[in-house]
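Grab a pencil and work through these exercises with the model open beside you. Try each task yourself before you read its solution.

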Amino acid sequence: MSRAAITLAVMLALLAIAVGLTLTRSPITVLASNGAVNQAVLVETASAVSGCQGAETLPAGTSAIRLAIGGEIGPATSVTVKSGGRILARGSRPAGWTGGTVTVPVPRPANTVKGVDVCFTLAKPLEPITIFGIPSSGAGTLRTSAAQLARGRLGIEYLHSGPSSWLSLLPTIAWRMGIGHAWPGSWIVFALLAAMLASAALLSTLALRELG
Amino acid sequence: MSRHTSAGVSPATSSKRPPSGGSRELTRRARQQQARKRAAQMRRPASSSPNLLVSIFRRLPRAAWVCMALAFLNAACWSFITPPFQVPDEPSHFAYVQQLAEAGALPSSGGEQFSPEELATLADVEQGAITLQPQHQSISQAAQQRHLESDLSSSPSRQNGGQAGKAASEPPLYYALETIPYGMASGGTLLDRLELMRLLSALMAGLTALFAFLFVREALPGERWAWTVGGLGVACAPLLGFMSGGVNSDALLYAVSGALFYCLARGFRRGLDKRLACVLGAVIAIGFLTKLNFIGVAPGAFLGVALLSRRAASQHGRQAYRWLALAAGIGISPVLVYACVNLLSHDALLGIATNASQAASHHGSFFGEISYIWQFYLPRLPGMTPDFPHYLTTREIWFNGYVGLYGWFDTAFPGWVYDFALLPAALIALACARALFLGRTALGERAGELLVYAAMGLSLMLLVGADSYLKFPGTAAEYGQTRYLLPLLPLLGAVYALAARGVGRRWGPVFGISLVVLLFAHDIFSQLQTIARYYG
């Protein structure tokens, strides 16, 4: 067996292992939400901004916190969860995110803690960012360093790795992939798998032929 | 052209006994036969263009075909994975094709009141809710599917009143080609038409990889095994697959740019003649008819034709300058014809594109613009006003954008992936730098050719940066999207090939295979990430 063939075999085996390992992991799902759906723009600013919101519940096992903050080129973002001055969780996300929400990974807390403050800091953005939530004047409304367009609660979701692995979710994913497309049906997944295997075969054959 | 020409007549699999001399003799004869056939093909006069095309395609090495097939398969996979209208600006590009196919006329407005059929589909697949909202996945309920099918089968109007959104000011070639699959599936639903149109774009990805392979072969002829590394590297590029798996004129722009790089490299290696001048002119013309961004590549291309003519003049005299005029004339002809038609019909000189150019009126100082464009790509230099404070555009926009940012820029890898990607990128850069250092003598001899490729790349980057500056500071980096630089993919193919060569003949193929499988893995995980985002 030539050196090239051994390299190809090793690399493909590593790829298969990496895909297999990925499939044994679980997708991130919503563990809990504060129910503040995106109904209103609370803040719109092009400056660095920080804020805190009380009356939140940090569920045990939370691995990431998703804030309803949108931007085209999101600034560096950090999140701190505090209870009575004690920091329970802290995480950050570098600049460059895009979308209507920003997800910040945090270390998993062992226990559920009620009545926590969720605080965030956004560096000065390149483009204006928007903070979404629901209008509210009750307790636990968002307090920010920037002028607010409306009083309300920021939308916050607590995420974790779900109980099911990607592998066990394959039938569900196959069903979903067959929806909303031309020629609907789960056959798409098998066609994709066949195309992927054909690609691997083509690549391997050519690599061995030309580089072997 | 293949190295293993006798593979198909291996004695081990042949039922007939070789007449004499055993397997070596049989192999030798087969090789001679193949060589004679190839020589005959080379001698055959290419009197008409179909014959010329057939002859060109017959002479393509098998590796080029495989790269093309791989890129097509890759983009076809992306076309099924990405939900409808989740490729940037796909609703506008689809509307353009629909306007051409249904009304037989070019779009007249950049409005987004698309046809009732398209608007109903956009609503039913929840395009607005999914875009830029990673927490929203593609529709997944049987009831949603039934509602979608019901709306699609109710035959809503396909007339969009000439509105094609952002795509309206683009030239028509790509959209005209897309009317073919649109027409083929006109009896089906909008989603049927969209998928067939996506598959045509996927074919264009195949052409891009094919031309990238051929470019590497012409530009770096020394080590044929390295051509495969370059070609496969481009074929596996996930961003190429993603963009060409959707309806977007970028797909054709990548293919045309690939063809242009190939033709120029061929000219620099084999010399300019009348036929190549015509082909170069035609490719430039096709580029102008494809997308306005081609304007960014064109100056370098014209410079290339001029340098080739100058070089050819030493052998062919003044005739070479006639070829230059021929190439330039053919190349610029679509723009001139379009302007003349508009003048005669008392329209604006550049039609609807005039609106775009008027909107792009200059603001700010010249040095401010230069400073902005520099920082758009590279770290700020001392003395420059910070336009991207605390933000490294090279890394955040361009590198991370190539590593993985799909959908409407809302589908990304976890942060550690971008950090990890720095390692193979650094290895590739180092190996490539070593190859360039070792071949520095040849670099000096090919300075003109390198200048042309650099001019093509730089002028495209200038165009994208200058366009973004027009929207600055309202938006910081309007066109800060890696897809706009994919017309330079053949150069990336050359970088991959050089990197493999830089490791040396002994370990180069091993490095090349590792690199190619790594790039394939990049593609597979990009597809999985996209599946997780929309269907997970």
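## Exercise 1: The largest cavity

By class, the lining of the largest cavity has 7 nonpolar, 3 polar and 1 charged residues. Keep in mind throughout that this is a predicted model.

**Task.** Find out which residues line the largest cavity, and which helix gives the largest share of the lining.

**Solution.**

1. Start with the count: the structure holds 2 cavities of 30 Å³ or more. The largest one has a volume of about 80 Å³.
2. Now list the wall. Chain A gives Met196(A) and Ser199(A). Chain B gives Leu70(B), Asn74(B), Cys77(B), Ala235(B), Cys236(B), Phe520(B), Asp523(B), Ile524(B) and Gln527(B).
3. Sort the wall by helix. At least two lining residues each come from α3 (187-211) of chain A, α3 (62-81) of chain B and α23 (508-535) of chain B.
4. Pick the top contributor: α23(B) supplies the largest share, 4 residues.

## Exercise 2: The second cavity

**Task.** Work out how much space lies in the second largest cavity, and how its lining residues divide by class.

**Solution.**

1. The space comes to about 30 Å³.
2. From chain A, the lining takes His181(A) and Ala182(A). From chain B, it takes Pro84(B), Leu191(B), Leu194(B), Glu195(B) and Arg198(B).
3. Sort those residues and you get 4 nonpolar, 1 polar and 2 charged.

## Exercise 3: Two crossing helices

**Task.** Decide how α5(B) and α9(B) are oriented to each other: parallel or perpendicular?

**Solution.**

1. Two packed helices are described by the angle between their axes and the distance between the axes.
2. Take the distance and angle here: the axes of α5 (residues 116-124) and α9 (residues 190-219) of chain B come within 10 Å and cross at roughly 90 degrees.
3. Angles from 65 to 115 degrees count as roughly perpendicular. So α5(B) and α9(B) are roughly perpendicular to each other.
4. Check who touches whom. On the α5(B) side it's Glu117(B), Glu118(B) and Thr121(B), while α9(B) brings Leu190(B), Leu191(B) and Arg193(B).
5. By class, this contact has 2 nonpolar, 1 polar and 3 charged residues.
6. One of those names should ring a bell: Leu191(B) is also in the lining of the second largest cavity.

## Exercise 4: A four-stranded sheet

**Task.** Take the sheet β1-β13-β4-β8 of chain A. Which strands stand at its edges?

**Solution.**

1. Note the layout: the 4 strands form an open sheet, and the pairing is antiparallel.
2. Read off the edges. β1 (28-33) and β8 (102-105) of chain A each have a single partner strand, so one side of each has no neighbour in the sheet.
3. Add the twist, which averages 30 degrees from one strand to the next.
4. Zoom in on one pair: β1(A) and β13 (residues 156-161) of chain A are antiparallel over 5 bridges. Here Ala32(A) stands opposite Tyr158(A) in β13(A).

## Exercise 5: A five-stranded sheet

**Task.** Follow the sheet β7-β6-β9-β3-β11 of chain A. How many bridges join β6(A) to β7(A)?

**Solution.**

1. This is an open sheet of 5 strands with antiparallel pairing. At the edges are β7 (86-93) and β11 (143-144) of chain A, each with a single partner strand, so one side of each is left free of a neighbour in the sheet.
2. Count along the order: 7 bridges join β6(A) to β7(A). One bridge partnership links Ser83(A) with Arg86(A) in β7(A).
3. Look at the turn. β6(A) and β7(A) make a hairpin with 2 residues between them, and Gly84(A) in that turn has a positive phi of about 55 degrees.
4. Next, β6 (residues 77-83) meets β9 (residues 113-122) of chain A through 6 bridges. Val79(A) is opposite Phe120(A) in β9(A), and Ser78(A) has Thr121(A) as its bridge partner.
5. Then β3 (residues 49-58) of chain A pairs with β9(A) over 7 bridges, with Gln53(A) partnered by Val118(A).

## Exercise 6: Two oddities

**Task.** Which peptide bond is cis, and where is Ala55(A) found?

**Solution.**

1. Recall the rule: most residues other than glycine have a negative phi, and most peptide bonds are trans.
2. The bond from Phe472(B) to Pro473(B) is cis, with omega near 10 degrees. Pro473(B) lies in the loop between α21 (447-471) and α22 (489-502) of chain B.
3. Ala55(A) isn't a glycine, yet has a positive phi of about 60 degrees. You'll find Ala55(A) in strand β3 of chain A.

Definitions and conventions: Residues are numbered from 1 along each chain as its sequence is written. Chains are lettered from A and ligands numbered from 1 in the order in which they are written. This is a predicted model: local features need pLDDT of at least 70, side-chain atom pairs count only at pLDDT 80 or more; totals for chains, interfaces and linings use all residues. Side-chain values use heavy atoms; hydrogens and water are left out. Axes are lines fitted to C-alpha atoms, for helices over the stretch in contact, and angles run from 0 to 180 degrees between N-to-C directions. Angles under 35 degrees count as roughly parallel, over 145 as roughly antiparallel, 65 to 115 as roughly perpendicular and the rest as oblique. Contact means heavy atoms within 4.5 Å. Ala, Val, Leu, Ile, Met, Phe, Trp, Tyr, Cys and Pro count as nonpolar, Asp, Glu, Lys and Arg as charged, and the others, Gly among them, as polar. On a 1 Å grid over the protein atoms alone, a cavity is a set of points where a 1.4 Å probe fits but cannot get out, and a pocket is an open set with protein on both sides within 12 Å along at least five of seven lines; lining residues have an atom within 4 Å of a point. Grid points are joined across faces, edges and corners, and a volume is the space filled by probe spheres set on the points. Two strands pair if DSSP finds at least two bridges between them.
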